[in-house]
Amino acid sequence: QVQLVESGGGSVQSGGSLRLSCAASGRTFSNYIMAWFRQAPGKEREFVAQITSGGHTTYYPDSVKGRFTVSRDNAKMTVYLQMNSLKPEDAAVYYCAAKRAPIGTITYYRLPGAYDVWGRGIQVTVSS
């Protein structure tokens, strides 16, 4: 299975932007649905974005829709999360996750338990 490493986190002022990257190693990256989650202190892990294995379908919760964009480059085995118009409530540890699925699967998986592989997470801080 794949291994995942996140990068690109850091501190930004409210209204700013960050782009997170998640580099995968191992084989058959294109067989995985990829997602981003986040977890703030004292809160449950929250779904942020999902992209299907071919990159043609994406899902977002209302809290980030229109501000965040998930994309992937299967040749580079990397998934990205572009975050714009950041708010203090976006501050959290962001996790990359992968779920092995048949090619062409477009099911919406928003629960953490649906995913097989996780990165270690990366901190995003947003100051007001």
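Here is a walk through this structure, starting from one strand and working outwards. Keep in mind that what you are looking at is a predicted model.

Let's begin with strand S9, residues 92–100. S9 is mostly covered, with seven of its nine residues buried. What does S9 pair with? One partner is strand S4 (residues 32–39), which runs antiparallel to S9 and is joined to it by eight bridges. If you want a spot to look at along that pairing, find Trp36, whose bridge partner in S9 is Cys96. S9 also pairs in the antiparallel sense with strand S11 (residues 122–127), this time over three bridges. Here Val93 has Gln123 of S11 as its bridge partner. Then there's strand S10, residues 117–118, again antiparallel to S9 and joined to it by two bridges. In that pairing, Ala98 is matched with Val117 of S10.

Cys96 deserves a second look. Besides being the bridge partner of Trp36, Cys96 is joined to Cys22 by a disulfide, with the two sulfurs 2.1 Å apart. The pair links distant parts of the chain: Cys22 sits in strand S3 (residues 18–25) and Cys96 in strand S9, 74 residues apart. The count of disulfides in the model comes to one. Which hand does the disulfide have? The torsion about the S-S bond is about -80°, so the disulfide is left-handed. As for cover, Cys22 has a relative accessible area of 0%, so it counts as buried, and Cys96 is buried too, also with a value of 0%.

Following the disulfide to S3 brings us to another sheet. This one is open and has four strands in the order S1-S3-S8-S7, with antiparallel pairing. Strand S1 (3–7) and S7 stand at the edges with a single partner strand each, so one side of each has no neighbour in the sheet. On average, neighbouring strands here are turned by 15° against each other, direction ignored. Inside the sheet, S3 and S8 run antiparallel and are joined by six bridges. One place to see this is Leu18, which has Met83 of S8 as its bridge partner. While you're looking at strands, a general point helps: in a regular strand, side chains alternate between the two faces of the sheet.

Now for the nonpolar interior. The largest nonpolar core has 31 residues, and those with the most contacts inside it are Leu4, Met34, Trp36, Leu81, Met83 and Tyr94. Where do the residues of this core come from? S3, S4, strand S5 (46–51), strand S7 (68–73), S8, S9 and S11 each supply at least two of them. Tyr94 is a good residue to click on. Leaving aside neighbours within four places in sequence, Tyr94 is in contact with a list of residues that includes Leu20, Trp36, Val48, Phe68, Leu81, Met83 and Val124. Glu6 and Arg38 are also among the contacts of Tyr94. There is a second, separate core of eight residues as well, including Ile33, Phe47, Ala101 and Tyr115.

Arg38 takes us to the charged side chains. In general, side chains of opposite charge can pair when their charged atoms come close. How many salt bridges does the model have? The count comes to four. Arg38 makes one with Glu46, at 2.8 Å from N to O, and another with Asp90, where the closest N and O atoms are also 2.8 Å apart. Arg38 lies in strand S4 and Asp90 in the loop between strand S8 (78–83) and S9, so this pair ties together parts 52 residues apart in sequence. Are these partners buried or exposed? Arg38 and Asp90 are both buried, with Arg38 at a relative accessible area of 5%. Glu46, at 31%, is partly exposed. Arg38, Glu46 and Asp90 also belong to a network of salt bridges that takes in Arg67.

Finally, there's a salt bridge between Asp62 and Lys65, with the closest N and O atoms 3.5 Å apart. Asp62 has 67% relative accessibility, so it counts as exposed, while Lys65 is partly exposed at 49%.

Definitions and conventions: Residues are numbered from 1 along each chain as its sequence is written. This is a predicted model: local features need pLDDT of at least 70, side-chain atom pairs count only at pLDDT 80 or more; totals for chains, interfaces and linings use all residues. Side-chain values use heavy atoms; hydrogens and water are left out. Buried means under 20% relative accessible area, exposed over 50%, partly exposed in between (1.4 Å probe, protein chains only). Two strands pair if DSSP finds at least two bridges between them. A disulfide is a pair of cysteine sulfur atoms within 2.5 Å. A nonpolar core is a set of buried Ala, Val, Leu, Ile, Met, Phe, Trp, Tyr and Cys residues joined through side-chain atoms within 4.5 Å. Contact means heavy atoms within 4.5 Å. Axes are lines fitted to C-alpha atoms, for helices over the stretch in contact, and angles run from 0 to 180 degrees between N-to-C directions.
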